[in-house]
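Hi everyone, thanks for making time this morning. I'd like to walk you through one structure, so please have a look at it while I talk.

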Amino acid sequence: MFSQVLQSILVVFLAVTISIGYFVAANWILKLWGEKSNSSLPEKFKPWVFLFPALFLVSLYLIYPIIETVRLSFYNNSGRSFVGLDNYIWLLGDDEVKVAVRNNFMWLFIVPTISTGIGLVAAVLADRVWWGTFAKTLIFMPMAISFVGASVIWKFVYDLRPIDVDQIGLLNAILVKLGSEPMAWITIPFWNNFFLMIILIWIQTVFAMVILSAALRGLSSEVIEASRMDGASEFQIFYKIMIPQILSTIMVVWTTITIIVLKVFDIVVTMTNGQWDTGVLANLMFNWMFVGGDFGRGSLIALIIMIGVIPIMFWNIKRLRQEELI
Amino acid sequence: MSSIKLDNLTKKYGEIDVIKGVNIEIKSGEFVVIVGPSGCGKSTMLRMIAGLEKITNGNVLIDGKVVNDIEPAKRDVAMVFQSYALYPHLSVFENIAFGLKIAKLNKDLIKTKVSQVASALELSDQLNKLPKQLSGGQRQRVAIARAMVREPKVFLFDEPLSNLDAGLRVNTRIELAKLHQSISATMVYVTHDQVEALTLAEKIVVLNEGVVEQYGTPMELYFKPVNKFIAGFIGSPKMNFIDAKVVEVNKKGCKLNILDKVIDSYFSFQNVKCDQGLSLGIRPENLTVVSQRDCLFNGSVEIIEYLGEYNLIYIRIPQQELLCIKVDIKLSFNVSDDVCLGAQSENIHVFNEDGLSIYE
């Protein structure tokens, strides 16, 4: 324990010393070079000298793994012999992959939309009632819970016991009280996906609400009063005056949740581990790579996820640039 | 055009009285300025006329009809806000047209109306721009255009010039006066700037701590202030006040003791008793440097301000606030010069111990 702490301190100390040392040394060398050569070359070289550490680390931990993943996707399960497009052909024909892609699309469309929608409505309504702060605190709770923790909680909600035993699952307890048979919720094909999505919606609504609530508070009250003077109804004020003004925030919230959804993994693992047609790509990748030990197919699925994220990232950055321009 | 009547209008925020029973009648087509120090409730009063603020007690009547519970938009009033409150995501055209679109007017009609108003306010070239691409003065005009296009019976202005720089403020003030002449709608204008009030208003309401101190024409307020507050509030630089005491009252008038010196001549005001304490109010332009014979009191020059057109001289008198006098630039003074001050009797405002005016 003590030696570990000592080691951490040493690492921190070394990292800072190396950074400062690099800065001082680079400056010193550039200065010497500039004095001797009398050309503008050192000045041009300067930015690259200081960019180098960042570029190097990004290449090492981001670019290299991508290239390696692409390479592995053309190799067999051990990653030793080249198999050409075999993995790609398997991908196109595999039923499990098809289900995972379908599920991913459903998650992508439903979770960000509903989270942002409910978050927006909650943000608007919470500002209007005296118990708004209490409501916000209540909605805020899930934010502090990890995905796995949230999944465990919801597992209890969906829990199934034989009919002659007391139901500890909330949903089945209600069903049995109403005189029906208890149901195995997370095994119901197709719909079970929605039961899993609810967990992420439950968590992400908070995020949407907090950010949108802040954006709404930033709106000028005089502008809203002006629209009231112009005869706009409460609903018209909401969608003609408030929404357009916070649209960029809504898009940021929406894309942020989209990216979280693309990486969804823990909820599926905890709830079903991909059984009963609930698998998603991240989940499938993990199973092939680390459970099945197939480096080729695992890498290929990882690539598919990355390709899925790129358009959203690209669009996000483009939007950001546009906003900076205005 | 329409008249407005405030009938015992009251506003409370919890236990705090903001407006304490205001009674005012504004005639159709009149330009009325509500003026007062910050926090006096003038904006609250305007917002109650607009319908943006709930009325605690009393009534707001427009054209003789109680509008207390009528929606802002249905009162047929338009408001220009201090921050302009333009819709930041809409173009100038859409900003002006917003109310008309909500009212579901015919598209061609909207276009004609907007372009008419825009050309009247020299905004025709700006219609496709967003508010943030406009200058302060242009934004101001868009805000006015948005109010005008609905052809309301009443215009409300909430300190519309306070965000403009000094030069633009004077120009816009003149534009507003012209606007009122051309459309002759009833206008209620809130400001804390008494120059705006004096120049724009046909009538001024002076509000102080939720109470109307005086309601009258600019000239009435200037020449016949009902109390010390009005006297000090209207006019710039503000009126000087000097303590005095009545020492003798007879048929010829009364004799006063000003700063421990009994003045020889008689003052013509009645309604005073012997030994009564008074406060004399003299505007800087009426207080003059005089010879020893006409001297009411003397003091020494402390500060001289050169303003080009005239000079302001501040004079220290024992146990009194600094007095300000407005003098011709040809007269030269030096700091710590001793001067005798006097004023024409008709230019002296007299206030009793309660601060109320005493007139002959």
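I'll go through a surface patch, then a short helix, then a single serine.

Before that, please keep in mind that this is a predicted model.

Let's begin on the outside. There is a nonpolar surface patch of about 1200 Å² in chain A, and its members include A:Val12, A:Ile20, A:Phe23, A:Phe52 and A:Tyr61. Which elements give two or more residues to this patch? They are α1 (2-37) and α2 (41-72) of chain A. Take A:Val12 as an example: this residue lies in helix α1 of chain A. A:Val12 counts as exposed because its relative accessibility is 53%, and the cut-off for exposed is over 50%.

Now for the short helix, α5 of chain A, which runs over residues 132-140. Its buried residues are A:Gly132, A:Ala135 and A:Lys136. Why do they sit on the same side of α5(A)? Because they cover an arc of only 100° around the axis. Turn to the other side of α5(A), and you find A:Thr133, A:Phe134 and A:Leu138 exposed. As for the buried residues of α5(A), what covers them includes α4 (95-126) and α8 (191-217) of chain A.

Last stop, A:Ser299. You'll find this serine in helix α14 of chain A, residues 295-325. Is A:Ser299 buried or exposed? A:Ser299 counts as buried, because its relative accessibility is 2% and the cut-off for buried is under 20%. Leaving out residues up to four places away in sequence, A:Ser299 touches A:Thr69, A:Leu72, A:Ser73 and A:Met289.

That's my tour, thanks for listening!

Note on methods: Residues numbered from 1 in each chain as written. Chains lettered and ligands numbered in written order. Predicted model: local features only at pLDDT ≥ 70, side-chain atom pairs only at ≥ 80, totals over all residues. Heavy atoms only, no water. Helix = DSSP H or I, 4+ residues; strand = E, 2+ residues; numbered from the N terminus. Buried < 20%, exposed > 50% of the residue type's maximum accessible area, 1.4 Å probe, protein only. Contact = heavy atoms within 4.5 Å. Arc of directions from axis to C-beta. Patch = residues over 30% accessible without salt bridge, like charges linked within 9 Å, V, L, I, M, F, W, Y side chains within 5 Å. Areas by Shrake-Rupley, 256 points an atom, 1.4 Å probe, with all protein chains shown as cover. Salt bridge = Lys/Arg side-chain N within 4 Å of Asp/Glu carboxyl O.
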